[in-house]
Amino acid sequence: MRRFSVRLFSHFSRPQFTAPRLATTCLLRQEGFTGSFPGFLPTIPHPSRHLRRGVSCTATSQHLQDLSGSEQRLLDKLYEGLISGQRASLAESITLVETQHPRKKELAQVLLQKVLAFRRQQESSNGGKPVAFRVGLSGPPGAGKSSFIEVMGKMLTGQGHKVAVLTVDPSSCTSGGSLLGDKTRMTELSRDMSAFIRPSPASGTLGGVTRTTNEAIVLCEGAGYDIVLVETVGVGQSEFAVADMVDMFVLLIPPAGGDELQGIKRGIIERADLVVVTKSDGDLVVPARRIQTEYTSALKLLRRQSKSWNPKVVRASSHTFEGIPEVWAKMEVYRDGMLTSGELQGRRRAQQKVWMWSLIQENVLWHFQNHPAVRETLPRLEQKVTKGVISPGLAADLLLKAFSESS
């Protein structure tokens, strides 16, 4: 298997899977790779060609020759509108990032590099600290995530913050469609000029987080939104996916969410920085207090993820507004403590690496599945596996062998 892995690496080192010029030149950046390039596999350089730190790349200089006049005007329009805070430009930029069109993917990466450069300038003037606070929100269906976000968002915009909400709706496995109903449930917040709500379909993505959500966060920050809320589908894997792209992960649970042992078994609260028991009003106050006590006890059994913060459990009600200001106060204490210790900046750097490898794995799998030798051998081996003639492990080895030998 190790020999297959080496051959797999050497196969993608060859020029036959060269990425488009617009994207690959962005890999040669003096500060190192900080973005992700979805939709294609970047060229893996030959071992003898080491990248030199003296080589730099900027989307505004080396890419001008690759853009037509209309494309350059489009990117300039989007960029200028984005950094000036125009919501229409932000929405159009996110649409460009989410596209599956090959050429538009390249344009999206040029735009992202310009926005990343702008964000670095902002962070440099801010003492090297992030200018925006990213919060991931997840929980089981019916936990009141949309109601909580609307109440919290209205409170924050009232305090002078600009709030961006990125929601991910589950897609149908049959038709591929998605209701995208989160925006309709946040009627008050969607009319707020200091807020931006963007629903996106999961499109079958494991974890309920789209592969372009990370890029959408960067665009929202470039548009001047200092608080970015990411709401996920809440299908189990989403807790791990969203935790790898935000500064703080908040788990919302209803009063009837089960005992603390059930929470540990699902592996949910081990990634949570803050647990909020929602719908704590009326007849549900007593059950909410009981759940709060149980989860507080459960958190004591888990290993601490941060030296600067111990996860907390609080109660809140979107209906009566009780506990909402306290939830935000906990978030501010977390943010300030993590910024002071430097853990938040370190977490962001680690997250960039995680998403880079996630995209690499996804694109390597795509190229493997579309390799001629694999496509020729796959139907026959799938038939043998379904009939029980050979094991799935042997079939996988044979496919890897066919891939490596033909390469």
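Accessible areas here come from the Shrake-Rupley method with a 1.4 Å probe, and for residues only the protein chains shown count as cover. The model is predicted, so local features need pLDDT of at least 70 and side-chain atom pairs count only at pLDDT 80 or more, while totals for chains, interfaces and linings use all residues. Residues are numbered from 1 along each chain as its sequence is written, and side-chain values use heavy atoms, with hydrogens and water left out.

**Exercise 1. The whole chain**

Find what share of the accessible surface belongs to carbon and sulfur atoms, and what share of the residues is buried.

Step 1. The accessible surface of the chain is about 20000 Å², and carbon and sulfur atoms hold 55% of it.

Step 2. Buried means under 20% relative accessible area, exposed over 50%, and partly exposed in between (1.4 Å probe, protein chains only). By that rule, 47% of the 407 residues are buried.

Step 3. Helices (H or I, at least four residues) and strands (E, at least two) are DSSP runs, numbered from the N terminus. The chain has 16 helices and 7 strands.

Step 4. Contact means heavy atoms within 4.5 Å. Among contacts with a separation of 6 or more, 76% link residues 24 or more positions apart.

**Exercise 2. Strand β1**

Is strand β1 largely enclosed or open, and which strands are joined to it by bridges?

Step 1. Look at residues 133-138: 6 of the 6 are buried, so β1 is largely enclosed by the rest of the structure.

Step 2. Sort the side chains. In a regular strand they alternate between the two faces of the sheet. Here F133, V135 and L137 point one way, R134, G136 and S138 point the other way, and all are buried.

Step 3. Now for the partners; two strands pair if DSSP finds at least two bridges between them. β1 runs parallel to β4 (residues 227-231), with 5 bridges, and G136 has V230 as its bridge partner there. β1 also runs parallel to β5 (residues 248-253), with 4 bridges, and V135 stands opposite M248.

**Exercise 3. The nonpolar cores**

Which residues have the most contacts inside the largest nonpolar core?

Step 1. A nonpolar core is a set of buried Ala, Val, Leu, Ile, Met, Phe, Trp, Tyr and Cys residues joined through side-chain atoms within 4.5 Å.

Step 2. The largest such core has 48 residues, and L90, I94, L219 and C220 have the most contacts inside it. Helix α5 (residues 102-125) gives the largest share, 8 residues.

Step 3. Pick L90 in the viewer. Leaving out residues up to four places away in sequence, L90 touches L82, F196, L219, C220, A223 and Y225. Apart from this core lies another of 34 residues, including V276, W309, V314 and L339.

**Exercise 4. Two helices**

How do the buried residues of helix α13 lie around its axis, and what covers those of helix α3?

Step 1. Check the length of α13 (residues 324-341). The expected span of a helix is 1.5 Å times one less than its number of residues. With 18 residues, α13 reaches 26 Å from first to last C-alpha, close to the 26 Å expected.

Step 2. Its buried residues are I324, V327, W328, M331, Y334, M338 and L339. They fall within an arc of 125 degrees (taken from the directions from the helix axis to the C-beta atoms), so they line one face of the helix. V333 and T340 are exposed on the other side, and G342, with a positive phi near 85 degrees, follows the helix.

Step 3. Turn to α3 (residues 69-83), whose buried residues are E71, Q72, L75, L78, Y79, G81 and L82. Their cover includes α4 (87-98), α5 and α9 (213-222). Just after α3, G85 has a positive phi of about 90 degrees.

Step 4. Zoom in on G81, which is buried at a relative accessible area of 4%. G81 touches Q86 and S89, again without residues up to four places away.

**Exercise 5. Positive phi without glycine**

Where are K279 and F321 found?

Step 1. K279 is in the loop between β6 (274-277) and α12 (285-299), and its phi is positive, about 55 degrees, although it is not a glycine.

Step 2. F321, also not a glycine, has a positive phi of about 70 degrees and sits in the loop between β7 (312-315) and α13.

Step 3. For exposure, K279 is partly exposed at a relative accessible area of 36%, and F321 is partly exposed at 36%.
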